[in-house]
Amino acid sequence: MSGALTGKTVLYLVTEDWYFWSHRLPFARAARDSGARVIVASRMAAHRDRILAEGFQAADIPFDRSGLNPLRDLKTVRAILSLYRREKPDLVHHVAMKPVLYGGIAAALAKIPAVINAMAGLGFLFIADGLKIRVIRPIVEWSFRKLGNRRNTVLIVQNGDDADLFADRIGVARDRIRVIRGSGVDIDRFRPGPEPEGVPVAVCVSRMLWDKGIGELVEAARILQQRGVSIRIRLVGPTDANPASIPVETLKAWQDSGLVEVAGPSDDIPGAYRDAHIAVLPSYREGLPKSLLEGAACGRPVVATDVPGCREICRDGETGIRVPLKSVAPLADALQRLAEDAGLRRKLADGARRAVETEFAEAIVVGETMALYEQALQGGPKNEL
């Protein structure tokens, strides 16, 4: 940075404090170290003290991340608008759908100079197909188009497929879209290590959501068990308030049946990959899955669906094996192939680590984002669309 952030106020708007901590902390640290005052606005819970200890300010916003209650959401918009008018940030960085939409409205009303909207993925609203979703989706698309084309507003997406969708379907001007791939991986913390001894383990590090392909993974585990393949499937991650969340009772039934190991949430993700041989995520759609990037950084071959986001890091024959969306038998085949071929695992593991080092490392992604901040603070795209 060339001093563009010195004396400026940068505000991050994220639904949950834990998500800021796991996915946006390096960006906020870089902004702070470049001379900015940093405010983190979120539904504050367990991470407030950590956020304050970093020298950031913390603002509590009453987000209902997955709900669709208009009165409750109006309260959220008012809280954001009040914060923006009080703190007068020079740049706001909105992360995910509700912060982008509600923060975008508040930023327009409060006349914030620079707005960065980051969509890490298209989420439940763009994957599901129920009646309520079909009614709401056109409204959301219209809102994205109006807010995304405002003066000095830039949209960050994590893959080219999402860039095309926002440009071609939603109508955000292409000169307002930037592809910055992922939220970065700390390649010193996530390092390759030797495979553990014993039966091969395929670990899925993810929130326990149906649209992460967890159901298909469990059915693939059933097939592998029937085939007598020597492999263990392990699920690591929390349940969620998301409408696609898998009930705790279902997870317990899977665990009790012996099909999969349900390990629950973990604060030691490097350890989760250190104790495994394969990283797997059969998701329906992603921005760019941090869990697979971390698995690749740990030198584990990846198995993932051939969908936007996943295919960015899961390159067939180079870093892992791709399988069709919502597949079961091909997923089982891929896991079996890797479980039974240590040489293939080593080859793909080397490719996976190399890809992260050269394309997805934290320093690369943070550097690209800081450069975008500088451009936005200096005026950014000028044309009102």
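**A tour of the parallel sheet and its core**

Begin by selecting Cys 204 together with Leu 235 in β9, since in this predicted model these two residues are bridge partners. Widen the selection to the whole of β8 and β9, and you will find two strands that run parallel and are joined by five bridges. Four of the five residues of β9 are buried, so that this strand is mostly covered. Now add helix α9 (residues 214–227), which together with β8 and β9 makes a right-handed β-α-β unit.

Next, follow the chain from β9 through helix α10 (residues 248–257) to β10, a β-α-β crossover that is again right-handed. β9 and β10 pair in the parallel sense over three bridges, and Val 236 has Gly 264 in β10 as its bridge partner.

With these strands in view, show the full open sheet, whose six strands follow the order β10-β9-β8-β11-β12-β13 with parallel pairing. Its edges are β10 (261–264) and β13 (320–323), each of which pairs on one side only. At the β13 edge, select β12 (residues 302–305), which is parallel to β13 and pairs with it over four bridges; here Val 302 is matched with Gly 320. Then display helix α14 (residues 329–339), which packs on the sheet, touching β8, β9, β11, β12 and β13, and whose direction makes about 165° with that of β13.

Finally, select Val 303, whose contacts include Val 280, Val 323, Leu 335 and Leu 338. Val 303 belongs to the largest nonpolar core, of 59 residues, and is listed with Ile 231, Ile 233, Leu 235 and Leu 335 as touching the most other members. Another core, of 36 residues, lies apart from it and includes Ile 39 and Met 119.

Conventions: Residues are numbered from 1 along each chain as its sequence is written. This is a predicted model: local features need pLDDT of at least 70, side-chain atom pairs count only at pLDDT 80 or more; totals for chains, interfaces and linings use all residues. Side-chain values use heavy atoms; hydrogens and water are left out. A nonpolar core is a set of buried Ala, Val, Leu, Ile, Met, Phe, Trp, Tyr and Cys residues joined through side-chain atoms within 4.5 Å. Buried means under 20% relative accessible area, exposed over 50%, partly exposed in between (1.4 Å probe, protein chains only). Contact means heavy atoms within 4.5 Å. Two strands pair if DSSP finds at least two bridges between them. Axes are lines fitted to C-alpha atoms, for helices over the stretch in contact, and angles run from 0 to 180 degrees between N-to-C directions. A crossover is right-handed if, with the strands pointing away from the viewer, the path from the first strand over the helix to the second runs clockwise. Lists of a residue's contacts leave out its neighbours within four places in sequence.
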